[in-house]
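User: Please take a close look at one part of this model, and then set that part against the rest of the chain. I would like a connected account rather than a list.

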Amino acid sequence: MKTSADPVRDYLSAVERETSALPADRREELLADLAEHIEVTRAERPGAATGEILAELGDPRTIAATALAEAGNGTTGAPARSDVDAPARRGKVHPLVPLLMLTLSLPFTMLFSIGPDAAFDAGAVFGFLFRVTGAVLLCTSVHWTAVQKTTGVLLTVIVPTTAFTTWNLTTGSAAGEVPALLGNLGSLALMAGTAVWLWRARRA
């Protein structure tokens with residue numbers, strides 16, 4: 001029997017054949033869940049062999065039997081749904097959200113900052129919250145590898161924050177002065193460039 005060079009396609013085709021008795025919508029939902037689970041697992045464990053990932057999912061006949069049993073009981077879920085859907089739930093946040101939060105944190109700080117002598121500097125506070133939230137969403141996203149996440153946090157959070165802190169401690173210059181403004185614009189260019197790189201490198 002001929003098989004294609006793609007074991008994932010072979011696996012999904014086998015599941016599709018074994019679940020031919022399922023309603024079309026449930027069969028398509030099951031196949032989509034399995035395909036997404038495989039892609040997410042590949043992203044989270046880049047060193048894992050494809051055969052190992054498929055073996056963890058289970059035999060196509062077992063999956064089909066479970067799905068048919070659930071369909072017979074009126075259950076809308078797909079087999080092994082708790083395992084398959086867990087990565088999908090972690091990926092509900094659109095990848096653009098953390099990138100925008102990280103990039104816009106600096107402009108927000110620059111536009112709404114009211115100076116270091118103020119009792120409450122809204123720009124600095126909310127800019128910091130944007131940056132932290134964006135970093136958390138980036139690190140928990142399924143759209144990037146661990147190396148890409150680490151690089152993203154380094155270039156959009158750690159480097160700019162270190163630069164700002166060093167500047168304030170060594171010069172104490174106001175944010176509106178030309179050198180400070182140029183430094184802010186340089187940091188913004190670094191953050192925006194990193195966000196563009198992450199967007200292009202993301203996994204669908």
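Analyst:
**A serine and its surroundings**

Once its neighbours within four places in sequence are set aside, Ser105 is in contact with Gly127, Phe130, Arg131 and Met191. The model is a predicted one, and the description that follows should be read with that in mind. Ser105 itself belongs to helix H6, which covers residues 96–112. With a relative accessible area of 0%, Ser105 counts as buried, because that term is used for anything under 20%.

Helix H7, the element that runs through residues 122–140, also holds Leu129. Leu129 has a relative accessible area of 42% and is therefore classed as partly exposed, the class that lies between the 20% limit for buried and the 50% limit for exposed. Leu129 also takes part in a nonpolar patch on the surface, which it makes together with Val125, Phe126, Phe128, Val132 and Val136, and which amounts to about 490 Å². Ser105 is thus described as buried, whereas Leu129 is described as partly exposed.

Elsewhere in the chain, Arg26 has its place in helix H2, residues 24–44. Its relative accessibility is 24%, so Arg26, too, falls into the partly exposed class, above the 20% below which a residue would be called buried. Although Arg26 and Ala67 are separated by 41 residues in sequence, their C-alpha atoms are 8.8 Å apart in space.

As for aromatic side chains, a search of the whole structure returns 0 aromatic pairs. A ring does, however, have a charged partner at Trp199, since Arg202 lies over the face of that residue at 3.6 Å from the ring centre, within the 6 Å allowed for such an arrangement.

These details belong to a protein chain whose secondary structure consists of 9 helices and 0 strands, so that, read from the N terminus on, its elements follow the order α-α-α-α-α-α-α-α-α. The protein chain has 204 residues, of which 32% count as buried, and Ser105 is a buried residue. The area that the protein chain exposes comes to about 11800 Å², with carbon and sulfur atoms supplying 63% of it. Finally, when contacts in the protein chain between residues at least 6 apart in sequence are considered, 65% of them join residues at least 24 apart.

Definitions and conventions:
Residues numbered from 1 in each chain as written. Predicted model: local features only at pLDDT ≥ 70, side-chain atom pairs only at ≥ 80, totals over all residues. Heavy atoms only, no water. Patch = residues over 30% accessible without salt bridge, like charges linked within 9 Å, V, L, I, M, F, W, Y side chains within 5 Å. Areas by Shrake-Rupley, 256 points an atom, 1.4 Å probe, with all protein chains shown as cover. Salt bridge = Lys/Arg side-chain N within 4 Å of Asp/Glu carboxyl O. Helix = DSSP H or I, 4+ residues; strand = E, 2+ residues; numbered from the N terminus. Buried < 20%, exposed > 50% of the residue type's maximum accessible area, 1.4 Å probe, protein only. Phe/Tyr/Trp six-rings, centres within 6.5 Å; stacked < 30°, edge-to-face > 60°. Lys NZ or Arg CZ within 6 Å of the ring centre and 35° of its normal. Contact = heavy atoms within 4.5 Å.
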